[in-house]
Amino acid sequence: MSATPSSKLPPFDPRDPLGLDDLLTDEDRAVRDTVRQWTADRVLPHIAQWYEDGELPGIRELARELGALGALGMSLTGYGCAGASAVQYGLACLELEAADSGIRSLVSVQGSLAMYAIRRFGSEEQKQQWLPRMAAGEVIGCFGLTEPDHGSDPAGMRTYAKRDGGGDWVLNGRKMWITNGSVAGVAVVWAQTDDGIRGFVVPTDTPGFTAPEITHKWSLRASVTSELVLDDVRLPAAAVLPEAKGLGGPLGCLSHARYGIVWGSMGAARTCFETALDYARTREQFGRPIGGFQLTQAKLADMAVELHKGILLAHHLGLRMDAGRLRPEQVSFGKLNNVREAIEICRTARTILGANGISLEYPVMRHATNLESVLTYEGTVEMHQLVLGKALTGGLDAFR
Ligand code: TGC
Ligand code: FAD
């Protein structure tokens, strides 16, 4: 059969060269456009200044607006959550991270980590108490897994929860690098117990809980990152997440959040690619636009290929998640590939912008430095290589 005559083909769109928009439903597009418009109104006009200042001012107001959009706990059902599809949640992550990884982080930690932990592993009372207010953005949540001496290897965590004679839990320990920590009203904290690792729902006004902010970051500067200090934090027996037992609890939450990053990282990459494309068309050297040089075209072609392959991969994983068929190893596949390629795209975009590439007047360096964190959190490149390596080799475990 002959190919379709090119006169009948849709025009080539440099911003969607594979025609991936065709994969979306009208509802998907509406979600995407709503979140994109919100970032255009509320984030993009200010983000460079927030980044320079190293703060996310008005985070509580932003959280309430994101709640009103239905973006918090977006793919969860009931308790005020939007019940959107995994693909729609992914599209929202992409649009948020196209603005800044810090905004996507706020949403990931709230919805995929803190809310997801309570929705999946919590008691009915915990769900009723926290989820509707978290979905509305009235209460911000955080997720405390990492410790100063246990990052990639959370199984060795030292934070300990002990039961006293009356049945209360008493928590002691420290968590490190916790997104949203100092602004959170509720913390999901993972701790060792006499029966293995358990999760606890900790109201942050509980005596003994403090969350000093971590400053001097050169990445994710428009995001709140904190320590959590637990000093004889006394909680009722009902504070434990009843359905989470062992490391599978927090790792199950991570699968959900990592899925969002598979999409989100492509948002940061898209912004950098589009910025570089616009720049290459207009910036002239040697008497013509730098986009006319073959070396620049090769860079743009390679960036476009990896960007749209990454979006296609994210969409595929989204469809699998919606069908209840997404395995953790597949999430590792996506996080490993997409964040690694996103940072490469941003670094290449930086070269196309020359000296302007390092300026906050353009979004490229901001995204590239943000992605240094995204490469590390939610499992480093090496952790995802090892998860995949273990699965590929039929279970040869490089960890233990
Ligand atoms: P391993 O023996 O492999 O597993 C322990 C148990 O967990 C189960 N499991 C999972 N369950 C659900 N989902 C997953 N993805 C799972 N992966 C493993 C597993 O079946 C086993 O169950 P059982 O019943 O047999 O006990 O555990 P390991 O100790 O060998 O650890 C391996 C490793 C490296 C995969 C894991 O520990 C790991 O993922 N390390 C990286 C830690 C990490 O990602 N931390 C992230 C902290 S949160 C964060 O960064 C938020 S930033 C968010 C933002 O700002 O956007
Ligand atoms: P380490 O585990 O010490 O790793 C250091 C290096 O050694 C890495 O390259 C790692 O891949 C490598 N390595 C370790 N073990 C092996 C091995 N077996 N084989 C080969 N290489 C290995 N955590 C939370 O719990 N909640 C949060 O909200 C949160 N938010 C974060 C926000 C930011 C901005 C950042 C930067 C981090 C955040 N984290 C959070 C922590 C993050 O998840 C950890 O930093 C991450 O899991 C890595 O742990 P680590 O930094 O201790 O590095």
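These legends accompany close-up views of Lys217 and of the contact between domain 2 and domain 3 in a predicted model.

**View 1. Lys217 sits in the loop between β6 (209–210) and β7 (225–235)**. Strands here are DSSP runs of E with at least two residues, numbered from the N terminus. Lys217 is buried (under 20% relative accessible area, 1.4 Å probe, protein chains only). Even so, Lys217 has no salt bridge (a side-chain nitrogen of Lys or Arg within 4 Å of a carboxyl oxygen of Asp or Glu). Glu213, the nearest side chain of opposite charge, is 5.8 Å away.

**View 2. The side chain of Lys217 meets a backbone oxygen**. That oxygen belongs to Ser223, at 2.7 Å. Setting aside neighbours within four places in sequence, Lys217 is in contact (heavy atoms within 4.5 Å) with Ser223 and Thr225.

**View 3. Domain 2 (141–245) meets domain 3 (249–392)**. These bounds come from an automatic or database domain assignment. The domain centres, taken over C-alpha atoms, are 31 Å apart. Domain 2 brings 9 residues to the contact and domain 3 brings 11 residues. Together they bury about 800 Å² (accessible area lost on being put together, 1.4 Å probe, summed over both), 71% of it on carbon and sulfur atoms. On the domain 2 side, Ser152, Ser219 and Leu220 supply 49% of the area buried against domain 3. The rule finds 0 salt bridges across this interface.

**Notes.** Residues are numbered from 1 along each chain as its sequence is written. Local features need pLDDT of at least 70, side-chain atom pairs count only at pLDDT 80 or more, and side-chain values use heavy atoms, without hydrogens and water.

Technical notes. Chains lettered and ligands numbered in written order. Helix = DSSP H or I, 4+ residues; strand = E, 2+ residues; numbered from the N terminus. Buried < 20%, exposed > 50% of the residue type's maximum accessible area, 1.4 Å probe, protein only. Lys, Arg positive; Asp, Glu negative; His and termini not counted. Polar contact = N/O pair within 3.5 Å; in protein donor to acceptor, adjacent residues only side chain to side chain. Buried area = accessible area lost by both parts, 1.4 Å probe.
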